[in-house]
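The exercises below ask for a careful reading of one fold, from its overall dimensions down to the packing of individual helices. Each task is followed by a solution that proceeds step by step.

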Amino acid sequence: MQTEIVKIERIKEQKEDLQRAGEILRQGGLVAFPTETVYGLGANGLDGDACAKIYDAKGRPSDNPLILHVANRSMVDQIAAVIPPMAEKLMAAFCPGPITLIMKRRSIVPDRITGGLDTVGIRMPENDVARAMIKEAGVPVAAPSANISGRPSPTTAESVARDMDGRIPLILDGGACHFGVESTIVDCTGEKAVILRPGAVTREMLGELLGEENVDLDPALVGEKVVPKAPGMKYTHYAPKAPMTLIEGMPTRMARAFQREIERLQAQGHTVGVVASHEVLQDLKGVVAEDLMADYGHQQDLPAIAANIYEALRSFDDKPADVLLGEGTVSDGLGLAIMNRLHKASGFRTIKA
């Protein structure tokens, strides 16, 4: 299969390109498309056979639920059996935007989408290209991230092509994603809002809207075993090709901790790559070759780190590093989402600075 990449710069003037993407989806094919979080790999969300192609293209376990992306409120009503008052509040405040809401599903939603659960994740992306494509398709679009399963999610069309070239017919190139980490997933089926996956809509933002006492973290985020209700809760995710260890701790001690670990690994014959902040990399000049460093931004600039982290991890795909060291950050606000991804990318291998 030949994969075509179409750059979308003017939605109104490129209606034919979006109509073609919608037709591919209606006919049971796959299209990769941009959102404000990461690029998605889309299929007709009401066609179980079409969604099976997502699992094949990604090499994704078929019991991992998929999120349904919608263009407007009427599509939400089409697939959600019950919309709790909590979900209404969240939609009014954050949709369209980087949030996915777990609600009871209607029977129109195939079992293949939900992993056999009676709930479904629904998201209304803020990205104009994504919503325009979904409107042209005329159906909710099931879409995980557009990467080989387990790999870092793509935030550019070029990264999608590295994983999906020859596997899908079309990639819509909408430029680099704004947020760079997947949507916040919130379970709205109980008395409290439960965060299943942290993202750009933070726990603090949810608490301000709903009351802090009405927002919980899912036990899986703190290491307990539960039945997965959302993507990313069951299998290894976001991993670079070389194994990575995460260094966490006080920023003032970070560079020295990196230097000690780099020297130890180099003495064992390893070629070490480093994914870290601008501040740490400045202190490691001469310790690690510059082409084995990936700068994800300044330590205090969490939005920049979130936007850059996946591309930083992917930058080592073609480099000779056989081990990676990554720098951790704070664990509140957007830092909770960043650390969630870094812990999974490292397989929870950590060193305290």
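The radius of gyration is taken here over C-alpha atoms, and the globule rule used for comparison is 2.2 Å times the number of residues to the power 0.38. The model is predicted.

**Exercise 1. Overall dimensions**

Task: Compare the radius of gyration of the chain with that of a compact globule, and state the extent of the C-alpha trace.

Solution: Begin with the chain length of 353 residues, for which the rule gives a compact globule with a radius of gyration near 20 Å. The chain itself has 20 Å, which agrees with that expectation. Next, take the principal axes, along which the C-alpha trace spans about 60 × 50 × 35 Å. Finally, list the secondary structure, which amounts to 12 helices and 16 strands.

**Exercise 2. The sheet of 11 strands**

Task: Give the strand order of the open sheet of 11 strands, and identify its edges.

Solution: Reading across the sheet, the order is E1-E8-E2-E3-E7-E4-E6-E5-E9-E10-E11, and the pairing is mixed. The edges are strand E1 (4-7) and strand E11 (215-217), each of which has a single partner strand, so one side of each is left without a neighbour in the sheet. Within the sheet, strand E4 (residues 67-69) and strand E6 (residues 119-123) are joined by three bridges in the parallel sense, and His69 has Arg123 in E6 as its bridge partner. Helix H4 (residues 85-94) lies across strand E5 (99-104), strand E9 (184-187) and strand E10 (193-197), and its direction runs at about 160° to E5.

**Exercise 3. The sheet of five strands**

Task: Describe the order, the edges and the twist of the open sheet of five strands, then locate the helix H12 that packs on the sheet.

Solution: The strands follow the order E14-E13-E15-E12-E16 with parallel pairing. Strand E14 (293-295) and strand E16 (350-352) form the edges, since each pairs on one side only, and from one strand to the next the twist averages 20°. At one end of this order, three bridges join strand E13 (residues 272-276) to E14 in a parallel run, with Ala276 standing opposite Asp295 in E14. Helix H12 (residues 334-345) packs on the sheet, where it touches strand E12 (244-248), strand E15 (323-327) and E16, and its direction makes about 140° with that of E12.

**Exercise 4. Two helix pairs**

Task: Classify the relative orientation of H1 and H6, and that of H11 and H12, and describe what each contact is made of.

Solution: For the pair of helix H1 (residues 15-26) and helix H6 (residues 128-137), the axes come within 7 Å and cross at roughly 55°. The two helices are therefore oblique to each other, and H1 passes H6 in a right-handed crossing. Lys15, Leu18, Gln19, Ala21, Gly22, Leu25 and Arg26 in H1 meet Val129, Ala132, Met133, Glu136 and Ala137 in H6; by class, the contact has seven nonpolar, two polar and three charged residues.

For helix H11 (residues 302-314) and H12, the axes lie 9 Å apart at an angle of about 20°. Angles under 35 degrees count as roughly parallel, and H11 and H12 are therefore roughly parallel to each other, with H11 passing H12 in a left-handed crossing. The residues of H11 in this contact include Leu302, Ile309 and Leu313, while those of H12 include Leu334, Ile338 and Arg341. By class, the contact divides into 11 nonpolar residues, one polar and one charged.

Methods. Residues are numbered from 1 along each chain as its sequence is written. This is a predicted model: local features need pLDDT of at least 70, side-chain atom pairs count only at pLDDT 80 or more; totals for chains, interfaces and linings use all residues. Side-chain values use heavy atoms; hydrogens and water are left out. Axes are lines fitted to C-alpha atoms, for helices over the stretch in contact, and angles run from 0 to 180 degrees between N-to-C directions. Helices (H or I, at least four residues) and strands (E, at least two) are DSSP runs, numbered from the N terminus. Angles under 35 degrees count as roughly parallel, over 145 as roughly antiparallel, 65 to 115 as roughly perpendicular and the rest as oblique. A crossing is left-handed if the near helix is turned anticlockwise from the far one by less than a right angle, and right-handed if clockwise. Contact means heavy atoms within 4.5 Å. Ala, Val, Leu, Ile, Met, Phe, Trp, Tyr, Cys and Pro count as nonpolar, Asp, Glu, Lys and Arg as charged, and the others, Gly among them, as polar. Two strands pair if DSSP finds at least two bridges between them.
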